[in-house]
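Work through the exercises below with the coordinates open, and attempt each task before reading its solution.

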Amino acid sequence: MKNYEIVLMFSVGEDSLTDQTIDKYKTVITENGGSIDRYEDWGPLKMAYDINNENKARYILINFKGDNSIIDQLNELIKYNDHILRHLILNTKLAHTEPSFMNKEQLKSAS
């Protein structure tokens, strides 16, 4: 099993659809023998430039263990989802389970 990190940028205002999509992706990972190490919803953030006339996106981070079949399925699902503005899937050497820098900043500002 390899370690992966996926960052998804969703259109803002489609929260129920975004939640359904994320649940589907988590199911794909777990039902195919993978495991989720970290999940973070960074919420809506301003983007550096407009994409499809939108200047904000809802960012989701998922770190998981899986194999190539999971990546292939996720890529296929992402390809046909119009609410995903951008995505990035990275292969990482180590499993990341601690809160990310972005999540630490949100926790600090919420206090």
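**Exercise 1.** Does Asn52 count as buried or exposed, judged by relative accessibility?

*Solution.* The model is a predicted one, and the relative accessibility of Asn52 in it is 58%. The cut-off for an exposed residue is over 50%, so Asn52 counts as exposed. As to position, Asn52 lies in the loop between strand E2 (35-51) and E3.

**Exercise 2.** Determine the sign of phi for Asn52 and for Asn53, and place the second residue in its surroundings.

*Solution.* Begin with the background that most residues other than glycine have a negative phi. Asn52 has a phi near 55 degrees, which is positive in a residue other than glycine. For Asn53, again not a glycine, phi is positive at about 60 degrees. Asn53 is found in the loop between E2 and E3, and with a relative accessible area of 77% this residue is exposed.

**Exercise 3.** Search the whole structure for aromatic pairs, and classify the pair formed by Tyr4 and Phe64.

*Solution.* The search finds two aromatic pairs. In the pair of Tyr4 and Phe64 the ring centres are 5.6 Å apart and the planes stand at 25 degrees; because planes under 30 degrees apart count as stacked, this pair is stacked. The pair links distant parts of the chain, since Tyr4 belongs to strand E1 (residues 2-11) and Phe64 to strand E3 (residues 54-66), 60 residues apart. Tyr4 is buried, with a relative accessible area of 6%, and Phe64 is buried, with a value of 0%.

Conventions:
Residues numbered from 1 in each chain as written. Predicted model: local features only at pLDDT ≥ 70, side-chain atom pairs only at ≥ 80, totals over all residues. Heavy atoms only, no water. Phe/Tyr/Trp six-rings, centres within 6.5 Å; stacked < 30°, edge-to-face > 60°. Helix = DSSP H or I, 4+ residues; strand = E, 2+ residues; numbered from the N terminus. Buried < 20%, exposed > 50% of the residue type's maximum accessible area, 1.4 Å probe, protein only.
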